[in-house]
Amino acid sequence: MISQASRFAPAQPPKLSCEYLTERARALFGPHPFASQMSGDQVASLLPEYLAMSQAFPYLQAGSQRDLIFDAMHQNRDIGRDIELTSVVANFICWDETGGHGGILRGGKAALPDILLTENFHSNLLRKDASRLLGRAISPNYSDRTKQYLHSLHAGLSSKDSLVRCAYMVAFELHAADMIQSLWTTLVKTFKARPDDLEYFRGHVGGEDPAEKYHGEMTGRLIGELVQPGRSDCFLNEFGRAYRLSLQWCRDLLGTAARTGDDHSEMQHHGRCHCGAIKFYVNAPRELSAVRCNCSICQMSGFVHLLVPGDKLRIECGEEFLTTYQFNKNIARHTFCRLCGVKPFYRPRSNPSGYSVNIRCLDRRTIEHLRISEFDGEHWEQAFMSMHHDPESCFEDQRSELEWRAQ
């Protein structure tokens with residue numbers, strides 16, 4: 001950790017330390033949602049899903065380097081140092097999560113055979129704490145939202161881009177420190193429990209030598225090794241994306257996400273153009289309503305419209321690569337990536353202050369269900385006047401409409 005005296009001045013580029021990133025996350029996102037008061041029923045609903053994440057994480061982290069070594073094998077090339085670095089840190093985190101590091105600290109080499117005592121896995125310590133609080137045994141709940149979160153987390157941890165791998169590792173550990181501390185404090189208040197009786201929480205963030213401190217510092221050291229000069233902004237974008245992913249999962253568990261008129265919670269759907277130069281996210285429900293139009297430009301481009309207000313879309317990077325095309329009435333502003341030619345979103349004629357997002361450019365793993373309405377864009381004026389009265393709609397689930405081929 002860096003001292004206050006060694007901090008960079010505001011006018012200078014920030015030093016990408018764990019301290020800076022933690023402060024940045026708190027400034028952007030505020031207090032962790034688990035810091036809010038919870039009822040016993042909320043805790044009873046939350047803990048099985050939290051247990052699922054805790055149980056799955058070391059396996060996901062352990063498997064995150066699999067495709068990297070297979071890629072090296074197929075290409076018949078040496079393993080790069082970036083892979084060595086993320087692998088050795090991932091290995092330590094897995095070793096600690098499954099009780100190995102703590103056991104060696106307590107008993108030295110003589111404790112090595114005790115790694116077979118799987119009750120010391122951190123997830124099993126959590127299971128014991130949760131069962132004590134609730135007065136009954138619990139099992140992990142791999143709900144759809146938790147599975148989607150874990151799939152997205154694994155995709156980041158196993159990225160072929162070392163900067164993305166680093167960002168996801170650092171973000172997960174820094175978020176975990178805040179999440180565990182917040183949940184520990186809340187559980188103690190909700191159940192009037194003794195803090196030291198909750199072994200999982202005490203071991204991670206309590207006492208004089210908490211485990212999460214080492215997780216954060218170890219992953220944080222990867223930043224200096226893997227983030228090249230000039231790529232700090234890109235790292236911060238990926239870090240923010242990864243941190244939001246974990247934070248949104250926590251918000252979903254509590255049911256504190258924003259609500260839409262159809263009572264579906266909103267979340268961030270991430271998207272990009274084909275080459276990845278333009279990245280963005282849009283706040284929208286998990287179940288999306290989209291429009292398929294038969295006008296000339298939509299038919300030629302295969303655009304499927306998700307219509308959102310202007311404040312629901314944020315460009316994460318690549319705005320400088322957008323170029324605009326207009327025709328006919330010159331109201332709609334069709335924005336394309338000037339590198340790959342894909343139109344991920346644009347300002348539509350029907351709502352010039354909002355956006356139409358191309359469903360096909362979104363990460364389909366966060367979309368639970370898709371409802372598509374047909375729009376007769378060949379006869380735009382008439383269709384626009386009647387579209388809310390008698391739309392011809394069809395319902396297509398994620399498997400049928402969203403499993404398009406990446407050509």
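Which residues does Arg241 touch, not counting residues up to four places away in sequence? They are Tyr168, His270, Lys279 and Glu316. The model in which these contacts appear is a predicted one. Arg241 lies in helix 11, and its side chain makes a polar contact with the side chain of Glu316, at 3.0 Å. Arg241 has a relative accessibility of 14%, and because buried means under 20%, Arg241 counts as buried.

From this one residue we can step back to the whole chain. The protein has 407 residues, and 48% of them count as buried. Its secondary structure is made up of 14 helices and 11 strands. Consider next the contacts between residues with a separation of 6 or more: 68% of these join residues that are 24 or more positions apart.

Helix 1 is a convenient element to look at in detail. This helix covers residues 18-29, which makes 12 residues. The expected span of a helix is 1.5 Å times one less than its number of residues, so helix 1 should span 16 Å; its end C-alpha atoms are indeed 16 Å apart. The buried residues in helix 1 are Cys18, Glu19, Tyr20, Leu21, Ala25 and Phe29. A general point helps in reading such a list. An α-helix has 3.6 residues a turn, so residues three or four places apart point the same way. After helix 1 comes Gly30, whose phi is positive, near 75 degrees.

The end of helix 1 also leads to an enclosed space. The structure holds 2 cavities of 30 Å³ or more. The second largest cavity has about 40 Å³ of space. It is lined by Ala25, Arg26, Phe29, Gly30, Pro31, His32, Asp178, Tyr243 and Leu247. Helix 1 gives the largest share of this lining, 3 residues, and helix 1 and helix 11 each supply at least two residues. By class, the lining of the second largest cavity has 5 nonpolar, 2 polar and 2 charged residues.

The largest cavity has a volume of about 100 Å³. Of the 14 residues that line the largest cavity, those closest to its centre are Met53, Phe57, Glu97, Phe172 and Tyr200. Two or more lining residues come from each of helix 2 (40-63), helix 8, helix 9 (199-205) and helix 10 (211-226). Helix 8 provides the largest share, 5 residues. The lining of the largest cavity divides into 8 nonpolar, 3 polar and 3 charged residues.

Next come the pockets. How much space lies in the largest pocket? The volume is about 1,400 Å³. The largest pocket is lined by 48 residues, and the closest to its centre are His270, Arg272, Cys361, Leu362 and Asp363. Helix 7 (144-157), helix 8 (162-191), helix 11 (232-254) and strand 1 (266-272) are the elements that give two or more residues to this lining. The largest share, 8 residues, comes from helix 11. By class, the lining of the largest pocket has 16 nonpolar, 16 polar and 16 charged residues. His270, one of the residues closest to the centre of the largest pocket, is also one of the residues that Arg241 touches.

Two strand residues complete the tour. Val282 is in strand 2, which covers residues 279-285. Val282 has a relative accessible area of 0% and is therefore buried. Beyond its neighbours within four places in sequence, Val282 is in contact with Met267, Gln268, His269, Leu306, Val308, Lys312, Leu313, Val357 and Leu362. The C-alpha atoms of Val282 and Asp311 are 8.9 Å apart in space, although the two residues are 29 residues apart in sequence.

The other residue is Ser356, in strand 9 (residues 355-358). Is Ser356 buried or exposed? Its relative accessibility is 0%, so Ser356 counts as buried. The side chain of Ser356 makes a polar contact with the side chain of His305, at 2.7 Å. His305 is among the residues that Ser356 touches, not counting those up to four places away in sequence; the others are Phe303, Leu306, Leu307, Pro344, Phe345, Tyr346 and Pro348. Ser356 and Val308 are 48 residues apart in sequence, yet their C-alpha atoms are 6.4 Å apart in space. Leu306 appears in the contacts of Ser356 and in those of Val282.

Methods
Residues are numbered from 1 along each chain as its sequence is written. This is a predicted model: local features need pLDDT of at least 70, side-chain atom pairs count only at pLDDT 80 or more; totals for chains, interfaces and linings use all residues. Side-chain values use heavy atoms; hydrogens and water are left out. On a 1 Å grid over the protein atoms alone, a cavity is a set of points where a 1.4 Å probe fits but cannot get out, and a pocket is an open set with protein on both sides within 12 Å along at least five of seven lines; lining residues have an atom within 4 Å of a point. Grid points are joined across faces, edges and corners, and a volume is the space filled by probe spheres set on the points. Helices (H or I, at least four residues) and strands (E, at least two) are DSSP runs, numbered from the N terminus. Ala, Val, Leu, Ile, Met, Phe, Trp, Tyr, Cys and Pro count as nonpolar, Asp, Glu, Lys and Arg as charged, and the others, Gly among them, as polar. Buried means under 20% relative accessible area, exposed over 50%, partly exposed in between (1.4 Å probe, protein chains only). Contact means heavy atoms within 4.5 Å. A polar contact is a pair of N or O atoms within 3.5 Å; within protein, one must be able to donate a hydrogen and the other to accept it, and residues adjacent in sequence count only if both atoms are side-chain atoms.
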